[in-house]
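Reader: I've got a model open on my screen and I'd like to learn how to read it. Can you walk me through a few features?

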Number of protein chains: 4
Amino acid sequence: MWPRIDPRSDLPIYQQIIQQIKEAVAKGLIAPGEKLPSVRELAGRIAINPNTIAKAYQELEREGIIETIRGRGTFAAALSSGVGDEMKQRSIEGLMEKILVEAHYLQLGEEELLAMLHSMAREWYEKKGESP
Amino acid sequence: MWPRIDPRSDLPIYQQIIQQIKEAVAKGLIAPGEKLPSVRELAGRIAINPNTIAKAYQELEREGIIETIRGRGTFAAALSSGVGDEMKQRSIEGLMEKILVEAHYLQLGEEELLAMLHSMAREWYEKKGESP
Amino acid sequence: MWPRIDPRSDLPIYQQIIQQIKEAVAKGLIAPGEKLPSVRELAGRIAINPNTIAKAYQELEREGIIETIRGRGTFAAALSSGVGDEMKQRSIEGLMEKILVEAHYLQLGEEELLAMLHSMAREWYEKKGESP
Amino acid sequence: MWPRIDPRSDLPIYQQIIQQIKEAVAKGLIAPGEKLPSVRELAGRIAINPNTIAKAYQELEREGIIETIRGRGTFAAALSSGVGDEMKQRSIEGLMEKILVEAHYLQLGEEELLAMLHSMAREWYEKKGESP
DNA sequence: GTGGTCTAGACCACA
DNA sequence: GTGGTCTAGACCACA
């Protein structure tokens with residue numbers, strides 16, 4: 001799974017990489033313990049400067065999503081229950097609030113919105129159930 | 001309702017203003033047609049550079065959230081069904097995908113997550129029902 | 001207070017900067033809320049590449065030692081009681097263990113070592129009492 | 001006593017080995033003159049590249065902690081009073097300064113900190129009194 | 001003026 | 001081969 005970079009997005013490249021790797025892990029496309037491409041390899045593959053890749057990897061490591069083993073490479077980490085969960089919980093609340101605001105401008109009522117979210121969740125968990 | 005700005009946040013100030021005004025409108029704290037404070041007034045009130053306020057207002061106008069009438073001031077727009085709805089729909093999908101990714105790292109299952117979103121929506125629509 | 005960099009130290013430059021700023025804050029040479037030199041200014045002053053300074057500042061911000069305010073600059077943060085304290089506690093234990101190991105090779109007994117640490121602490125807190 | 005290596009640590013493996021051997025000696029778990037495992041044996045035991053073990057042993061020999069006798073093996077050295085003591089003294093000061101900085105961020109006062117260090121020292125010297 | 005991002009390219013420690 | 005550090009230099013968003 002190679003990240004697809006949109007160089008004219010207003011989201012910085014290193015954050016696009018972070019987001020897509022987190023997504024790939026969440027979807028089960030990258031299994032815990034699996035090796036990620038090396039900084040140089042990924043840099044070559046998607047034609048992005050290695051420093052930018054390294055920055056993304058370092059941030060992912062700081063978040064506990066991946067682990068670096070000296071001289072060996074970078075690997076998807078096991079799911080760490082616990083630390084920082086409250087912050088993630090709050091981040092879900094923050095995102096949901098944005099959804100509720102958008103829903104207002106779309107003139108979506110409570111039921112309609114929830115139906116939408118349900119079907120999106122359904123689709124997501126189905127795919128996830130298949131891949132691993 | 002005066003926006004509360006956190007100058008330390010990594011979110012640019014002008015975006016904090018945009019977000020909070022959109023929220024206030026969505027919550028019904030600002031009614032369609034209601035007058036917003038002028039750029040200068042708001043700038044003075046929250047001690048922010050007027051250029052920054054102006055930038056936020058320009059962006060809000062571009063999104064059709066507010067309208068400026070020359071010589072009269074700035075007003076909350078009526079809800080415009082239509083233009084840009086697909087984009088908003090896509091933005092809901094984008095936000096929901098982020099929620100699904102976070103849910104994975106929180107190790108939330110489908111039911112748990114949906115229960116969380118339900119209760120957040122419930123609370124939101126209740127408050128909204130009261131204010132206007 | 002300008003950091004003094006030893007380019008041939010095995011400690012990376014950005015970490016030397018981090019350490020010296022933490023020390024300056026701990027000694028009271030930099031007060032909470034006080035402005036630090038800008039990235040460019042410090043880079044020019046100590047003849048180090050701005051990117052390296054920026055890396056040090058970013059790490060200090062991540063640790064909550066300093067705060068960046070967009071477009072304004074970088075400031076010493078107020079002491080945050082709390083988060084991460086356990087980790088710091090553990091880091092004191094780790095450092096103390098290293099001291100105890102060194103003491104063994106110096107053939108220092110318990111009393112001698114503690115006397116040394118006492119006098120070092122005494123001197124430190126005296127200086128600190130004067131500066132602010 | 002076999003070193004426990006954490007390949008994920010940001011401390012290089014060879015330094016983890018150095019540190020743990022110094023600790024074992026300081027705690028009396030390895031007596032002066034006692035034979036250490038050979039490079040190959042240790043490498044096999046803890047599943048680490050022999051070059052890495054060799055590097056650790058070389059550094060330990062340079063510091064006078066261990067001695068290699070050709071054809072016989074590697075042994076814990078007798079305590080050498082003298083050479084390098086000033087450097088070790090300075091290293092204690094360096095470590096103590098780091099502790100004082102951490103104490104500041106923990107908002108520990110002089111007495112509290114010293115009490116902590118006392119009790120850590122007490123525990124250490126007790127264990128040490130038992131083992132040899 | 002401020003920090004943030006990105007590139008190109010070099011060098012290094014580690015395993 | 002792997003990631004980490006550092007430089008020089010460019011460009012950008014923000015306030």
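Author: Sure, let's take the contact between chains C and D: 32 residues from chain C and 33 residues from chain D take part. Two residues are in contact if their C-beta atoms, placed from the backbone, lie within 7 Å. This is a predicted model, where local features need pLDDT of at least 70 and side-chain atom pairs pLDDT 80 or more, while totals for chains, interfaces and linings use all residues. Residues are numbered from 1 along each chain as its sequence is written, with chains lettered from A and ligands numbered from 1 in the order in which they are written.

Reader: Which element gives the largest share of the side of chain C that touches chain D?

Author: That's α4(C), with 15 residues. Helices here are DSSP runs of H or I, at least four residues, and strands are runs of E, at least two, numbered from the N terminus.

Reader: Now sheets. What is the strand order in the open sheet of chain B?

Author: In general, strands of a sheet pair through backbone hydrogen bonds, either parallel or antiparallel. Two strands count as paired if DSSP finds at least two bridges between them. In chain B, the order is β1-β3-β2, with antiparallel pairing. The edge strands, β1 (35-36) and β2 (66-69) of chain B, each pair on one side only. Between β1(B) and β3 (residues 73-76) of chain B there are two bridges, and B:L36 sits opposite B:T74 in β3(B).

Reader: Which residues come nearest to DNA strand E?

Author: A residue is near a strand like this if its C-beta atom, placed from the backbone, lies within 6 Å of it. Of the 26 residues around DNA strand E, the nearest are A:I13, A:N49, A:G71, C:S38 and D:I13.
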